[in-house]
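User: I would like to learn how to read a protein structure, feature by feature. Could we take one example and work through it?

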Amino acid sequence: MLVNLPARLRTLLLSLVLIAFALPAFAGPFEDAIAKFANDDYSDTEEAIGVVASSGNPLAFPIISALQDGRLMADSDSKKVYVTGADGKSIDAATGQPVDSVPDSASAVRLNNRLRRSVDAAIGSLTLQSPDIATRLQAAQSVFKSHEETALEAVDGALAKETNKSVKAALGDARAAILLFKPDASEVEKLEAVATLKARGDQEAMALLTGMGDQPASVAKAAASAIGSIQSSLAVWSTVQNAWYGLSLGSVLLLAAIGLAITFGVMGVINMAHGEMVMIGAYTTFVVQEVIRTRYPGLFDYSLLIAVPLAFLVAGAIGVLIERSIIRFLYGRPLETLLATWGLSLVLQQAVRTMFGPTNREVGNPSWMSGAFELGQITITYNRLWILVFTLAVFAVLLAMLRYTALGLEMRAVTQNRRMAASMGIATSRVDALTFGLGSGIAGIAGVALSQIDNVSPNLGQSYIIDSFMVVVFGGVGNLWGTLVGAFTLGIANKFLEPVAGAVLGKIAILVLIILFIQKRPRGLFALKGRAVEA
Amino acid sequence: MLKKSTHDIAASFSRRGLFAATAGLMLGLASLTGAKAADDTIKVGVLHSLSGTMAISETTLKDTILFLIDEQNKKGGVLGKKLEAVVVDPASNWPLFAEKARELITKDKVAVVFGCWTSVSRKSVLPVFKELNNILFYPVQYEGEESERNVFYTGAAPNQQAIPAVDYLMKDEKVKRWVLAGTDYVYPRTTNKILEAYLKSKGVAQEDIMINYTPFGHSDWQTIVADIKKFGSAGKKTAVVSTINGDANVPFYKELGNQGIKAKDIPVVAFSVGEEELAGIDTKPLLGHLAAWNYFQSVKSPENEKFIKAWQAYTKNPKRVTNDPMEASVIGFNMWVKAVEKVKSTDPDKVIDALPGTETPNLTGGVSKMLPNHHITKPVFIGEIKANGQFDVVWKTPGLVAGDAWSKELDGSKDLIGDWVGKKCGNFNTKTNKCLGSGS
């Protein structure tokens, strides 16, 4: 029986048995500390964590990790504290004896940020020699963050036994961080520590070096030069980072504008309801996720993949309806089209507000859209990365569609010269409806992606409509490549201006630049040449 | 669900459908307004945006007032008359607020108005309330620097929210470096000015304060979050004080979560994020970030439990959350009822004079009092965001804090007080012993 249990549980059980024999019946400092968890006072809890973590008692790890997960239950009346396991079994935290049930009056011991930091530090030093590599790495990182002197012995012990390269490096960093702040560390040790942190070279290392306070002159000098070199390398990385942020913003702009590039750019319809198509796509994602949450929770990670075609169909169908019922009567009357579509956008917003309520709707991020990874010294978030990839894919598919399919050919023919196309036997009004539907459908797809980074509220579309027009006009009306280049240019320009001028001024500066640019080149970056223009 | 919604949207697109939808909308509004002349009722104006950008926040407050009126009528109304709500929709359009306020007072002859959210909407209706001499209850936390005879401020002034929050971070989290991030408009700018002066008076150096403003609805937070990270890596404990408003919060918190900034590294304390706002976010990455309010749904008190139960029953939604501005509406409404019953009249002049000194229980177990400066006393709570979208109160002020109409931290206003009882003046200068009047 005992043999089949996982190793950790087995040692735990064994140690429980041992404790049961070894522990005398009277209370020691460990038991006193445990009782403090029941006081529901943050300072008492902090004290208790310190005592338990350094007690060397085998119960320390189960208690502290239960505290971290909210499984440490305390009864404030009887001052009894219990560790409840994931399997529903509980033990008395002071003695390690199993208990039948935790009384109802017990509640989870509460934590605040300060305590969470102490818990992390405690868990870090307790798990430095865990059999699992990932746990050890995390432990080393938490010790690096807390760099408390008391952990030095544990780090040295772990360092001697460690075989994994990355864990070893992390432990080395942790050791350096501790030594740097240890008042009685020798100058040589401190200089070594500075060198280790200099090699690490990231913001956290810099934080430690700047924050270490009074040091001997030689150490202070080495630290200053280390800070200088980290700073200059970070400055280079920050340029790379700005460029990445620019690409990412550009991809969002492109995604929002790409549908408009078809309805406005190719067809020439000033479609103020474009943003609402984006919003409808986002709400489709919400509905898909709701259905998945209630019926098929296992499919949650695929929710976006399911939402993309649905959003395309829903928004596309609405687009076709709008074209058939309103816009087709208004071709060649831009002012009326503008007013009608603007009114329509208000109607759509209010319709969604009535149906789904005025408050934001929660659209969750699937696991592959959350989090980030480090590339050198910059952080790249997965959701932004996927949106960039997705945008380029949508762009490529759209381009191929216009270039290689029959519908694409008809669309280009009709928008270039309607009468000639009609004489060639193309049903122009059908093509109009489909083109508008295509533009709207792509806006719907954009909504799926934007639901991952923005609010899903009835106002979602409004915040993108101005930017979308800006991109299309800047890039050159009627040219998809222009939209691509326009979006990325604006994105990158914006992100390089933002750190210098601030978000508000940066945005204004971009608008001014565009106005000046349009004065010089009224047709945008890539103007269509030839007879097609005035058709 | 999907099928039904697309069908509904589709239906409103045929031309006739469009007209029908518009007509239906107008009809709906008209029936809400329901201006049937009934002399045996007291009319109560509700001036909250039900469409446009602010609908997200204000619709709930409209529902709250309707709920309170319903409850009051069940108890027999006020002065033996039933209360009747007159709801108008100023549509997040500031000039329209003034028009609708005028309509409520002159056409519908309301006895009192509950309304506004943004400061600019309040400033827009102020002249109307002064000219027509009516009463406005304003239920939202705001930047202060105002005390008007016709307005009663039941939300927090900066010293009832911002300053205690900063105190908490300084004492408990030992924060030494501060990012003041806000949306670019009057409330964040004034609050940050007050906070900057306060921090400097506590010995914080200029280089340890970073101030950042973003446009309304800002959605690309990558640069700013990276900047905050960088600012926070100077070896001193750093915190963000956020006056970021409304919709911009969701992408901000998402970016923080994705870039791995945890509350235990750099906590964010927000003044505009409550239970309602969190309902639209996945809160797991936000665990431990803070908010400062005068009320949290999670506060345990018999009054609060009773209120939440009745509210969820009224809205027929067992998950409907409550929030701070709702509590402020409740306090304002109850104070008005008390004052009216005291003077046995709804005449604005009499009620305005009777309101200061009126006491009514708040929902967190204390008793709030209307002060001569038309602000109220309230407790201040600091809550940490929990995984279920609620707050865990980690700190509260020992007693109630009296609202300052004029900030003691700013040079321009530190000598001013509002006193509508003794001095009959909203901006009395205690140094020169003069009332500045409406000219300032």
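Analyst: We can start with strand pairing in chain A; keep in mind that this model is predicted. Strand S2(A) and strand S3 (residues 90-92) of chain A run antiparallel and are joined by 3 bridges. Within this pair, A:Thr84 stands opposite A:Ser90 of S3(A).

User: How many residues lie between S2(A) and S3(A) in their hairpin?

Analyst: There are 5 residues between these two strands, and in the turn A:Gly88 has a positive phi of about 90°.

User: Which other strand is joined to S2(A) by bridges?

Analyst: Strand S1 (residues 72-75) of chain A is antiparallel to S2(A), with 4 bridges joining them. A:Asp75 has A:Lys80 of S2(A) as its bridge partner. S1(A) and S2(A) also make a hairpin, with 4 residues between the strands, and here A:Lys79 takes a positive phi near 60°.

User: Is S2(A) covered on both faces or on one?

Analyst: Both faces are covered. A:Lys80, A:Tyr82 and A:Thr84 are buried on one side, and A:Val81 and A:Val83 are buried on the other. That fits the count for S2 (residues 80-84) of chain A, where 5 of 5 residues are buried.

User: What should I make of a positive phi?

Analyst: The general idea is that most residues other than glycine have a negative phi. In chain B, two residues other than glycine have a positive value: phi of B:Ala91 is near 55°, and phi of B:Cys116 is about 75°. B:Ala91 sits in the loop between strand S2 (82-88) and helix H4 (94-107) of chain B, while B:Cys116 sits in the loop between strand S3 (112-115) and helix H5 (119-132) of chain B.

User: Why does B:Cys116 count as buried, and why does B:Ala91 count as partly exposed?

Analyst: The idea is to count the other C-beta atoms within 10 Å; a residue with 20 or more is buried. B:Cys116 has 30 of them, so B:Cys116 is buried. B:Ala91 has 17, so B:Ala91 is partly exposed.

User: Where is B:Gln297, and what does it touch?

Analyst: B:Gln297 lies in the loop between strand S10 (290-293) and helix H11 (302-314) of chain B. Even in a loop a residue may be enclosed: B:Gln297 has 24 C-beta neighbours inside 10 Å and therefore counts as buried. Beyond neighbours within four places in sequence, the contacts of B:Gln297 include B:Glu275, B:Ile308, B:Val321 and B:Gln390.

User: Why is helix H9 of chain B described as largely enclosed?

Analyst: For a helix, check burial residue by residue. All of H9 (residues 249-258) of chain B is buried, 10 of 10 residues, so the rest of the structure largely encloses this helix. The cover comes from both chains: it includes strand S6 (372-375), strand S7 (378-381) and helix H15 (382-404) of chain A, as well as helix H8 (222-231), strand S9 (268-270) and helix H10 (275-278) of chain B. After H9(B) comes B:Gly260, with a positive phi near 75°.

User: What unit do S6(B), helix H7 and S7(B) make?

Analyst: With helix H7 (residues 186-201) of chain B, the two strands make a right-handed β-α-β unit. Strands S6 (residues 177-183) and S7 (residues 209-214) of chain B run parallel and are joined by 6 bridges. One pair of bridge partners is B:Leu180 and B:Ile211.

User: How many residues are in the largest nonpolar core?

Analyst: That core has 117 residues, and B:Val44, B:Val113 and B:Ala292 are among those with the most contacts inside it. Helix H12 (residues 324-343) of chain B supplies the largest share, 10 residues. Another core, of 85 residues, lies apart from it and includes A:Leu249 and A:Leu497.

User: How many residues of the two chains are in contact?

Analyst: In chain A, 57 residues are in contact with 59 residues of chain B. Helix H10 (residues 203-210) gives the most to the chain A side, with 6 residues. That side divides into 20 nonpolar, 23 polar and 14 charged residues.

User: How does chain A compare with a compact globule?

Analyst: A compact globule of 535 residues would have a radius of gyration near 24 Å, whereas chain A has 31 Å. The C-alpha trace of chain A spans about 100 × 60 × 40 Å along its principal axes.

Key
Residues are numbered from 1 along each chain as its sequence is written. Chains are lettered from A and ligands numbered from 1 in the order in which they are written. This is a predicted model: local features need pLDDT of at least 70, side-chain atom pairs count only at pLDDT 80 or more; totals for chains, interfaces and linings use all residues. Two strands pair if DSSP finds at least two bridges between them. A crossover is right-handed if, with the strands pointing away from the viewer, the path from the first strand over the helix to the second runs clockwise. A residue is buried if 20 or more other C-beta atoms lie within 10 Å of its own, exposed if 12 or fewer, and partly exposed in between; C-beta atoms are placed from the backbone. Two residues are in contact if their C-beta atoms, placed from the backbone, lie within 7 Å. A nonpolar core is a set of buried Ala, Val, Leu, Ile, Met, Phe, Trp, Tyr and Cys residues joined through C-beta atoms within 7 Å. Ala, Val, Leu, Ile, Met, Phe, Trp, Tyr, Cys and Pro count as nonpolar, Asp, Glu, Lys and Arg as charged, and the others, Gly among them, as polar. The radius of gyration is taken over C-alpha atoms; the globule rule is 2.2 Å times the number of residues to the power 0.38.
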